[in-house]
Amino acid sequence: MAGKADFTNDESQGLAKGVIGAGMLVSLAHKDFTDSFGEATALAKEMSAQHQHSQSHLVRELGATRGTGFGLTASPAKVEAETIAALGAAVTVLTAKISAVGVA
């Protein structure tokens, strides 16, 4: 089962940034501070739950990610652009890893 050790540091950081960024995009969709805060809290709880209970070793490790990979003052446009880039890179990396081990 894949874990962070199967990826370069840049690849694993990109995977984490994509996961966190996707959750942040949901949070940013709510313009009201209390809604955004609630979404961010839900994301943190889900990451913690996945860290503890996921059947996937990689997901458990990604669930332990601390920080967002974005600065505190990152604009919504920057979060969106970097998240989409990170998710695209994650698809490429994961597809290559799957192809390399022959998993369909």
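A salt bridge, a term you will need on this tour, is a side-chain nitrogen of Lys or Arg within 4 Å of a carboxyl oxygen of Asp or Glu. Before you start clicking, know that this is a predicted model, where local features need pLDDT of at least 70 and side-chain atom pairs count only at pLDDT 80 or more, while totals for chains, interfaces and linings use all residues. Residues are numbered from 1 along each chain as its sequence is written, and side-chain values use heavy atoms, with hydrogens and water left out.

**Stop 1: the whole chain**

Show the protein chain as a cartoon. You will find four helices and zero strands, in the order α-α-α-α from the N terminus. Here helices (H or I, at least four residues) and strands (E, at least two) are DSSP runs, numbered from the N terminus.

Now switch on the surface. The chain exposes about 6700 Å², and carbon and sulfur atoms supply 63% of that area; accessible areas come from the Shrake-Rupley method with a 1.4 Å probe, and for residues only the protein chains shown count as cover. Of the 104 residues, 24% count as buried. Buried means under 20% relative accessible area, exposed means over 50%, and partly exposed lies in between (1.4 Å probe, protein chains only).

How much of the contact count comes from residues 24 or more positions apart? Among contacts with a separation of 6 or more, such pairs account for 66%. A contact means heavy atoms within 4.5 Å.

**Stop 2: helix 1**

Select residues 9-29, which form helix 1. This helix has 21 residues and reaches 30 Å from its first C-alpha to its last, close to the 30 Å expected at 1.5 Å a residue. The expected span is 1.5 Å times one less than the number of residues. Colour the buried residues of helix 1, including Ser-12, Leu-15, Ala-16, Gly-18, Ile-20 and Gly-21.

**Stop 3: the largest nonpolar core**

Next, select Phe-7, Leu-15, Ala-16, Leu-58, Leu-62, Ala-90 and Val-93, the seven residues of the largest nonpolar core. Such a core is a set of buried Ala, Val, Leu, Ile, Met, Phe, Trp, Tyr and Cys residues joined through side-chain atoms within 4.5 Å. Helix 1, helix 3 (57-63) and helix 4 (76-101) each give two or more residues to this core. Apart from this core lies another, of six residues, among them Ile-20, Leu-43, Met-47 and Phe-70.

Zoom in on Leu-62, in helix 3. Is Leu-62 buried or exposed? Leu-62 counts as buried because its relative accessibility is 9%. Leaving aside neighbours within four places in sequence, Leu-62 is in contact with Ser-12, Leu-15, Ala-16, Val-19 and Met-47. With the same neighbours-within-four rule, Ala-16 is in contact with Leu-62 and Thr-65. Try a distance label too: Leu-62 and His-51 are 11 residues apart in sequence and 7.0 Å apart in space, C-alpha to C-alpha.

**Stop 4: Thr-83**

Move to Thr-83 in helix 4. Thr-83 is buried, with a relative accessible area of 0%. The side chain of Thr-83 reaches the backbone oxygen of Val-79 at 2.6 Å. Beyond its neighbours within four places in sequence, Thr-83 is in contact with Gly-18, Gly-21, Ala-22, Leu-25 and Phe-70.

**Stop 5: the salt bridges**

How many salt bridges does the structure hold? There are three, and you can visit each one.

- Select Lys-97 and Glu-11: their closest N and O atoms are 3.6 Å apart. This pair links distant parts of the chain, with Lys-97 in helix 4 and Glu-11 in helix 1, 86 residues apart. Lys-97 is partly exposed at 31% relative accessible area, and Glu-11 is partly exposed at 23%.
- Select Lys-17 and Glu-82: the closest N and O atoms are 2.5 Å apart. Lys-17 in helix 1 and Glu-82 in helix 4 are 65 residues apart, so this pair too links distant parts of the chain. Glu-82 is partly exposed, with a relative accessible area of 25%.
- Select Lys-78 and Glu-82: the closest N and O atoms are 3.7 Å apart. Both residues lie in helix 4, four residues apart, about one turn of the helix. Lys-78 counts as partly exposed at 40% relative accessibility.

For a last view, show Lys-17, Lys-78 and Glu-82 together: salt bridges that share partners join these residues into one network.

Notes
A polar contact is a pair of N or O atoms within 3.5 Å; within protein, one must be able to donate a hydrogen and the other to accept it, and residues adjacent in sequence count only if both atoms are side-chain atoms.
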